[in-house]
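Reader: Could you take me through one part of this model in some detail, namely the place where two helices pack against each other? I would also like to know how far the coordinates can be trusted and what surrounds the ligand.

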Amino acid sequence: MPDLVSAPSTWRHGALPDLRRRTLLHGAAALAGLSLAPAPIPTARAAALPAVPYVSTPRDVVERMLAMARVGARDLVYDLGCGDGRIVIEAARRHGARGIGIDLDPERIREARANARQAGVQDRVRFRQADLFATDFSAASVVMLYLLFEVNLKLMPRLWRQLRVGSRVVSHDFHMGAQWPPEQIVRIRDKTLYAWTITPELKQELAG
Ligand SMILES: C[S@@+](CC[C@H](N)C(=O)[O-])C[C@H]1O[C@@H](n2cnc3c(N)ncnc32)[C@H](O)[C@@H]1O
């Protein structure tokens, strides 16, 4: 059985750090203080984002990610960096959701489309070759990630801005630093999964 650990309530209520006052690096350093993080702390100098390699999420971990996001038939699931498409394909096949997968690599997109046809869900899922940072994912009710810590940090303000209140985000192995503590942490073997929900408070942070 996966080991489910709820985030401390002090993370969930109040005290959401202000994006305008705290830098992302500050958030990462604070997180190191919480000793939560398996992820590396970026160096002080702004560096180009590391390339995210293709590593697929094991099938049972995919199912657990979908369960954490409570994916159902009314959801539109985006996987930003979708690889062979397995997360959105499973969301459609097992949960009746619709899905959109985005990947930079044209080979992954070809593979994902073929996998969707084979799974018989080609009418419910779409795959696009694109940069996730140039993608409008505001229609998503669920966003799935398996990227890197530094990439998550850059993506975080876009998630806050684009997603509606109530949308869920689940990330495989990489969190978002102390600026956005997860609501839920699940451990499966050597994997750690993190889940967040877009709240009215996050939207107010952005507007303020
Ligand atoms: C670790 S794999 C995860 C694949 C899939 N989400 C899964 O969990 O099985 C990360 C994927 O992100 C893609 N990727 C990396 N940077 C990207 C970017 N800027 N925009 C879109 N896709 C990207 C890579 O090509 C790779 O397929």
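Author: Happy to! This is a predicted model, and its pLDDT averages 84 over the protein, with 77% of the residues scoring at least 70. Confidence peaks in strand E5 (residues 142-145), at a mean of 99, and is lowest in helix H2 (residues 24-34), where the mean is 36. Over residues 1-46 the pLDDT is below 50, although this stretch has 56 contacts in the model beyond near neighbours in sequence. Where pLDDT is low, the predicted coordinates should not be read in detail.

Now to the helix pair. Helix H3 (residues 59-68) and helix H4 have axes that come within 10 Å and cross at roughly 65°. An angle from 65 to 115 degrees counts as roughly perpendicular, so H3 and H4 are roughly perpendicular to each other. Their crossing is right-handed. On the H3 side, the contact is made by Val62, Glu63, Met65 and Leu66; H4 contributes Arg86, Ile87, Glu90, Ala91 and His95. By character, the residues of this contact divide into five nonpolar, three charged and one polar.

H4 also leads us to the ligand. Helix H4 (86-95) supplies at least two residues of the shell around the ligand, and so does strand E3 (98-103). There are 21 residues around the ligand, and those that come nearest are Val52, Thr57, Gly81, Gly83 and Tyr146. In this shell, 10 residues are nonpolar, six are charged and five are polar. H4 thus appears in both places, with residues in the contact with H3 and residues in the shell around the ligand.

Conventions
Residues are numbered from 1 along each chain as its sequence is written. This is a predicted model: local features need pLDDT of at least 70, side-chain atom pairs count only at pLDDT 80 or more; totals for chains, interfaces and linings use all residues. A residue is near a molecule or strand if its C-beta atom, placed from the backbone, lies within 6 Å of it. Helices (H or I, at least four residues) and strands (E, at least two) are DSSP runs, numbered from the N terminus. Ala, Val, Leu, Ile, Met, Phe, Trp, Tyr, Cys and Pro count as nonpolar, Asp, Glu, Lys and Arg as charged, and the others, Gly among them, as polar. pLDDT is the predictor's confidence in each residue, from 0 to 100. Two residues are in contact if their C-beta atoms, placed from the backbone, lie within 7 Å. Axes are lines fitted to C-alpha atoms, for helices over the stretch in contact, and angles run from 0 to 180 degrees between N-to-C directions. Angles under 35 degrees count as roughly parallel, over 145 as roughly antiparallel, 65 to 115 as roughly perpendicular and the rest as oblique. A crossing is left-handed if the near helix is turned anticlockwise from the far one by less than a right angle, and right-handed if clockwise.
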